[in-house]
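Subject: Structure for you to look over

Dear colleague,

I am passing on the structure below, and after it you will find my notes on what turned up in it. Please read them with the model open.

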Amino acid sequence: MSVEVMEEEWLYSEEQVRALLEWVRGREGVERSVYPFMRVVAEQALRPGEARGLRVSDVVLPERGLGKLAVRYRGKAREVPLRSQSVEFLRAWISEAGLGEGDLLFPGLRGRSLSTPVCQQVWEQAQEAVLPRDERYSWRLGEPISILRESCLVKWLGMGTSPFAVAELAGVTPSWLARRYPHCFRVEDPEIDWERLEDVMGLPESLKS
């Protein structure tokens with residue numbers, strides 16, 4: 001199956017992501033779940049649909065150490081670790097929103113699933129408000145806010161995190177990452193030990209005669 005390449009210039013920097021989320025957080029008249037929903041997508045590299053389907057019972061928030069999210073995608077489950085900062089944020093969010101174990105973690109109106117059109121609208125407004133005109137993008141890759149997930153994955157790869165670890169966290173394969181973000185795997189001016197390579201590839205002495 002072919003994978004569309006995500007060019008480096010299409011992604012958001014940490015500063016851009018932070019500015020966009022800050023704008024969403026301060027936006028009045030928006031469903032209160034939109035900001036925590038987008039923040040989790042951006043910090044944990046979740047697919048928007050995965051985050052939208054999370055319930056409070058899928059979250060483990062210990063007093064100490066890493067927390068975790070139990071994420072499901074197309075019938076497959078995986079665990080995504082939560083840093084202490086994310087644990088504190090989600091604990092405060094659940095308390096503030098008055099959510100119970102069986103509730104959606106990011107509910108929309110009347111406890112239903114968070115509205116996709118509402119998220120799209122807020123996301124487009126954030127881009128219009130925060131990004132310079134030449135940095136606004138009209139293309140769509142699945143859901144618009146999925147660029148937050150993409151930017152997080154590339155950040156992890158850029159930090160030197162093993163592609164195998166990133167793939168496991170994201171619910172993809174290492175080969176998918178390499179095809180999707182080839183710029184993360186390019187080596188500039190690789191040094192090749194030609195003498196060593198010749199020795200390795202050479203025939204054994206017994207076969208040369």
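To begin with a single pair in the sheet, Lys 68 has Pro 81 in β3 as its bridge partner. This is a predicted model, in which local features need pLDDT of at least 70 and side-chain atom pairs count only at pLDDT 80 or more, while totals for chains, interfaces and linings use all residues. Residues are numbered from 1 along each chain as its sequence is written, and side-chain values use heavy atoms, with hydrogens and water left out.

The strands β2 (67-73) and β3 (76-82) run antiparallel and are joined by 7 bridges, two strands being taken as paired if DSSP finds at least two bridges between them. They form a hairpin with 2 residues between them, and Arg 74 in the turn has a positive phi of about 50 degrees. On the other pairing, β1 (residues 59-60) is joined to β2 by 2 bridges, again antiparallel, and Val 59 stands opposite Leu 69. That hairpin has 6 residues between its strands, with Gly 65 at a positive phi near 80 degrees.

Overall, the protein chain has 10 helices and 3 strands, where helices (H or I, at least four residues) and strands (E, at least two) are DSSP runs numbered from the N terminus. Of its 209 residues, 38% count as buried, meaning under 20% relative accessible area with a 1.4 Å probe and protein chains only, as against exposed at over 50% and partly exposed in between.

In helix α1 (residues 14-25), the 12 residues should span 16 Å at 1.5 Å a residue (the expected span being 1.5 Å times one less than the number of residues), and the end C-alpha atoms are indeed 16 Å apart. Gln 16, Val 17, Leu 20, Leu 21 and Val 24 of α1 are buried. They cover an arc of only 125 degrees around the axis, which puts them on the same side of α1; the arc is that of the directions from the helix axis to the C-beta atoms. These buried residues pack against α2 (34-44), α5 (116-130) and α6 (146-158).

The largest nonpolar core (buried Ala, Val, Leu, Ile, Met, Phe, Trp, Tyr and Cys residues joined through side-chain atoms within 4.5 Å) has 53 residues, and those with the most contacts inside it include Leu 69, Leu 90 and Leu 105. Leaving aside neighbours within four places in sequence, Leu 105 is in contact (heavy atoms within 4.5 Å) with residues including Val 59, Leu 90 and Trp 93.

With best wishes
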